[in-house]
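Work through the exercises below with the sequence and the structure at hand, trying each task before reading its solution.

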Amino acid sequence: MENVAIVLAAGIGKRMHSDLPKVMHKICGREMVLYPIDAVKSANFGRVIVVISERMDKSVFKGVDIAYQNVPLGTGDAAKKGLDKVKLLPNDANILILTGDNPLVKSSDIEKFYNAFIESRSDAMLVSADAENPQGLGRIIKNGDVFERIVEEKDATEQQKKIKEINTGIYLFKKGALEKGLSMLSNDNAQGEYYLTDTLYYLKNKGFKVGVYKLERMLPIYGVNTRLELSIAEKIIQREILERLMLSGVTIVNPDSVSIEFDVKIGNDTIIYPGTLIQGKTAIGKGCSIGPNTRIINAEIGDGTSIQFSVVMESKIGANCTIGPFSYVRPGNVFESNVKIGTFVEVKKSKVDENSKIPHLSYIGDATIGKNVNIGAGTITCNFSGLEGPHKKNSTTIEDNVFIGSHSTLVAPVVIHKNAYTAAGSVITREVPEWALAIGRSKQVNKEEWVKRRKRNV
Ligand code: UD1
Ligand code: CA
């Protein structure tokens, strides 16, 4: 039997008040529509067609077919655009249709629904649920126990609005029945749209077998239409991510204060402290200590590393490093193991080899730092040439075992060779040879008795 899923995702989402199409809003770091796509894929619907508009970034969708609906004429019209992609399937193929704005639907819900559909030999079936607050959703009108039709909120009478059983926006059709139902649609309703929901009414009247499957669990929302509902979905999915991590061996202190995005990986025995936000494709090793109050974006962090009160972006950090408190690790850094980046230190596009330390108050940019280097407090790399174009940034090379005295100013491009020292307060503008001490400051002069003389003259 052929199974195809069509995910409807081309609507604008007026109630979001956004320039971004609704289903592209992110929940825990990924587009909302990817959650229902995941759910159908793991429920044995290997072939998925997602209906989007041309103004949406199609690179978000991997491993699915794309159909376009450029004018949002309604869910019925969107379903038609999806169905056009599978015209050649036999009439008894199973077509699952679901709205792309329901990130809370699970593959287990879909599996149970699918089994009920197959067992009942229906031509069409929808998933209903009892909603605590049904406002805005389509209501299920029944005659006794028998399905009659779905009435949208905007078309409903006051009496119908009191009905709690709603349409979740998940349907299964035999392909032939779906084709027939869609061909009968009109847009004669309050919204002037082609409603997919009306197909069920038409099919029923034409003698097709139409069923209702009631969802066992109650969800707090059955679709994200507003940013308030977006935040409700975010909270639930965030909790699922944190629970998955905790059950796999990650300690999360005060989970309500921690945000970790969907694709983040964290090794066991790592502890995440309050106020921490971990984003993108970040991968954190085992036995790390992260936070409190830390933001990490797309970074790779080795085992045993500790990061507190800091921001780390798009960098690769080795094992047993110490970052923070109050470090700003900007994109493009590679730190090997046992590196220390300390308080009020900003590092950008730099390589720092094993056992090197930048403990206090420094700016290091476009630098290559060898092993066992100590960078004194307040050291600055002057990497900006003041020019635009290819010579905008100049590099600083500091080889193994170098000692940079406090408050050194390293004017790039410059190389400081192995085992050299720079004297505190130096402005280094020229290459420093191995084992040398570079002093780049004016000599101190002590004027004996100067203070006494000054006092006598006033
Ligand atoms: C729809 C159902 C409603 C149900 C609810 C469940 C209809 C007419 N109504 O209402 O009965 O209770 O879902 O959440 O189907 N879309 C398109 N093209 C369009 C319009 C919408 O692709 O022209 C997509 C949207 O991107 C969205 C989905 O279809 O992902 C649902 O559209 P939405 O406008 O949110 O429908 P609801 O009014 O919530
Ligand atoms: Ca909706």
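**Exercise 1. Describe the open sheet of nine strands and find the strands at its edges.**

Solution. In this predicted model, the nine strands of an open sheet follow the order β14-β17-β20-β23-β26-β29-β32-β35-β38, and their pairing is parallel. The edge positions are taken by β14 (265-266) and β38 (414-416), each of which has a single partner strand, so one side of each is left without a neighbour in the sheet. Within the sheet, one pairing can be followed residue by residue: strand β29 (residues 351-352) and strand β32 (residues 367-369) are joined in the parallel sense over two bridges, and K351 lies opposite T368 in β32.

**Exercise 2. Trace the pairing of β28 with β25 and with β31.**

Solution. Begin with strand β25 (residues 327-329), which pairs with strand β28 (residues 345-348) in the parallel sense over three bridges; here V329 has V347 of β28 as its bridge partner. Then turn to strand β31 (residues 363-365), which runs parallel to β28 and is joined to it by three bridges, with K348 standing opposite G365 in β31.

**Exercise 3. Identify the protein donors of the calcium ion (ligand 2), and decide whether they are buried or exposed.**

Solution. The protein donors are D101, through OD, and N225, through OD1, and they lie 2.3 to 2.5 Å from the calcium ion. These two residues come from distant parts of the chain, 124 residues apart: D101 belongs to the loop between β6 (94-99) and α3 (107-120), whereas N225 belongs to the loop between β11 (210-214) and α7 (227-247). For the last step, the cut-off for buried is a relative accessible area under 20%. D101 has a relative accessible area of 11% and is therefore buried, and N225, at 11% relative accessibility, also counts as buried.

**Exercise 4. Classify the aromatic pair F45 and Y114 and the aromatic pair F403 and Y421 by geometry, then place each pair in the chain.**

Solution. The model holds eight aromatic pairs. In the pair of F45 and Y114, the ring centres are 5.6 Å apart and the planes stand at 90°, so the arrangement is edge-to-face. Because F45 lies in the loop between α1 (34-42) and β4 (47-52) while Y114 lies in helix α3, this pair ties together parts that are 69 residues apart in sequence. Both F45 and Y114 are buried.

The pair of F403 and Y421 is stacked, with 4.8 Å from centre to centre and 25° between the planes. It links F403 in strand β36 (residues 403-404) to Y421 in strand β39 (residues 421-422), 18 residues apart. F403 counts as partly exposed at 34% relative accessibility, and Y421 likewise counts as partly exposed, at 43%. Ring pairs also link F309, F326 and F344 into a cluster.

**Exercise 5. Find the rings over which the charged end of R30 sits, and relate R30 and its ring partners to the domain assignment.**

Solution. The charged end of R30 sits over the ring of Y35, 4.8 Å from the ring centre, and over the ring of F262, 4.0 Å from the ring centre. The domain assignment gives domain 1 (3-214) and domain 2 (250-438), and by these bounds R30 and Y35 fall in domain 1 while F262 falls in domain 2. The centres of domain 1 and domain 2, taken over C-alpha atoms, are separated by 50 Å.

Terms used: Residues are numbered from 1 along each chain as its sequence is written. Chains are lettered from A and ligands numbered from 1 in the order in which they are written. This is a predicted model: local features need pLDDT of at least 70, side-chain atom pairs count only at pLDDT 80 or more; totals for chains, interfaces and linings use all residues. Side-chain values use heavy atoms; hydrogens and water are left out. Donors are N, O and S atoms within 2.8 Å of the metal (3.2 Å for Na, K and Ca); water is not among the atoms, so sites may look incomplete. Helices (H or I, at least four residues) and strands (E, at least two) are DSSP runs, numbered from the N terminus. Buried means under 20% relative accessible area, exposed over 50%, partly exposed in between (1.4 Å probe, protein chains only). Domain bounds come from an automatic or database domain assignment. Rings of Phe, Tyr and Trp (its six-membered ring) pair if their centres lie within 6.5 Å; planes under 30 degrees apart count as stacked, over 60 as edge-to-face and the rest as tilted. A charge sits over a ring if NZ of Lys or CZ of Arg is within 6 Å of the ring centre and within 35 degrees of the ring normal. Two strands pair if DSSP finds at least two bridges between them.
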